[in-house]
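This report concerns the surroundings of a bound ligand and the nonpolar cores of a protein.

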Amino acid sequence: MEPQIVEMRSLPDGNAGGTWSAALEAGKVLYFPSLAFEPLTQEFMLFTPGIRDPKSRNISLDANDKLKGATGEPDTVLALAAMMARFRQQADGLLATLFPAYAGKLKRGPVSFRPAQVENRVQSWRADDRRLHIDAFPSRPNRGERLLRVFSNVNPEGVPRVWRVGQPFEQVAERFLPRLPRYSPMKAKALQLLRVTKSLRSEYDHLMLQLHDAMKSDPDYQENAPQQRIDFPAGSTWVCVSDQTSHAAMSGQYLLELTVQLAPSEQVDVESSPLAILSRMTGKMLV
Ligand code: SIN
Ligand code: FE
């Protein structure tokens with residue numbers, strides 16, 4: 001397998017940034033080994049798993065800067081929101097430098113802070129992100145919108161975040177598409193009426209969700225699919241479109257992550273999106 005990780009020794013200067021969208025849109029991980037998000041001294045008190053409300057999977061600062069999923073004294077919660085807002089600013093700046101072609105087209109999304117130790121989490125196979133997968137969400141159909149994500153390992157003790165990165169999207173789809181259950185417009189309508197989904201699940205959303213599940217539930221695929229392991233050191237940053245890049249988080253603790261969305265029609269190469277790839281492979285519109 002051709003390498004899926006592109007190591008970036010420095011930030012692109014000036015118009016050199018224009019070329020990185022091609023690597024991103026091909027599903028590569030753009031990895032900055034020494035681009036760190038630096039917490040302030042007084043913020044290190046926030047680095048404890050207990051800051052997460054056990055009822056929530058993650059702590060998030062939503063698009064309106066509302067903090068969710070954290071517990072603690074008002075001061076602590078305020079300091080956490082401020083750190084996450086600062087991360088948003090820096091991650092947005094990185095995206096602007098890397099992808100000038102997306103200027104004005106990125107839709108603001110949430111920041112998450114992940115203080116839990118990845119390797120100890122007990123969860124169902126479907127929620128287990130230690131299995132290779134592409135991101136797709138059961139309740140939030142997105143009709144092909146891209147999930148562009150910036151990750152920074154902010155572990156204060158130098159613990160790396162270990163990922164596996166799998167095959168290009170087209171190859172994943174080639175393997176699984178023929179065996180996925182068919183889309184039922186009636187079932188999609190029912191799920192919407194029952195408010196299982198926040199809007200109508202399109203055929204695209206159905207396929208992405210089935211792909212996510214098919215990958216995670218196949219032990220042979222998990223073990224034998226072409227993949228590479230990468231240890232992202234503390235103080236590093238990486239960027240990918242997580243609806244396209246096969247990934248699995250194996251271990252680590254303390255991560256900051258920003259998600260922004262991009263319409264597939266706003267890509268530099270519109271033919272490279274999962275929506276375009278799946279449409280070609282099925283010969284259908286899908287949204
Ligand atoms: C994921 O998006 O699957 C998990 C990423 C991480 O927590 O490192
Ligand atoms: Fe994921």
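A polar contact is a pair of N or O atoms within 3.5 Å. The model discussed here is predicted. With that cut-off, a polar side-chain atom of Arg 114, 3.0 Å from an oxygen atom of ligand 1, qualifies as a contact. The table lists this pair with two others.

| Side chain | Partner | Distance |
|---|---|---|
| Arg 114 | oxygen atom of ligand 1 | 3.0 Å |
| Trp 163 | oxygen atom of ligand 1 | 2.9 Å |
| His 247 | oxygen atom of ligand 1 | 3.1 Å |

Ligand 1 taken alone exposes 260 Å², of which the protein buries 95%. Its shell consists of Arg 114, Asp 129, His 133, Arg 161, Trp 163, His 247, Ala 249 and Leu 255. By class, these residues are three nonpolar, two polar and three charged. At least two residues of the shell come from each of strand 7 (161-165) and strand 10 (247-251).

Nonpolar side chains tend to be buried together in soluble globular proteins. In this model the largest nonpolar core holds 35 residues, and Leu 80, Met 84, Phe 99, Phe 113, Leu 148 and Val 239 touch the most other members. Elements giving two or more residues to this core include helix 1 (20-25), helix 2 (74-98), strand 5 (111-114) and strand 11 (255-262). Helix 2 provides the largest share, nine residues.

Leaving aside residues up to four places away in sequence, Met 84 touches Ile 59, Ser 60, Leu 61, Leu 67, Val 111, Ser 112, Phe 113 and Leu 256. Another core, of 21 residues, lies apart from the largest one and includes Ile 134, Ala 214, Met 215 and Leu 275.

Methods. Residues are numbered from 1 along each chain as its sequence is written. Chains are lettered from A and ligands numbered from 1 in the order in which they are written. This is a predicted model: local features need pLDDT of at least 70, side-chain atom pairs count only at pLDDT 80 or more; totals for chains, interfaces and linings use all residues. Side-chain values use heavy atoms; hydrogens and water are left out. A residue is near a molecule or strand if one of its heavy atoms lies within 4 Å of it. A polar contact is a pair of N or O atoms within 3.5 Å; within protein, one must be able to donate a hydrogen and the other to accept it, and residues adjacent in sequence count only if both atoms are side-chain atoms. Accessible areas come from the Shrake-Rupley method with a 1.4 Å probe; for residues, only the protein chains shown count as cover. Helices (H or I, at least four residues) and strands (E, at least two) are DSSP runs, numbered from the N terminus. Ala, Val, Leu, Ile, Met, Phe, Trp, Tyr, Cys and Pro count as nonpolar, Asp, Glu, Lys and Arg as charged, and the others, Gly among them, as polar. A nonpolar core is a set of buried Ala, Val, Leu, Ile, Met, Phe, Trp, Tyr and Cys residues joined through side-chain atoms within 4.5 Å. Buried means under 20% relative accessible area, exposed over 50%, partly exposed in between (1.4 Å probe, protein chains only). Contact means heavy atoms within 4.5 Å.
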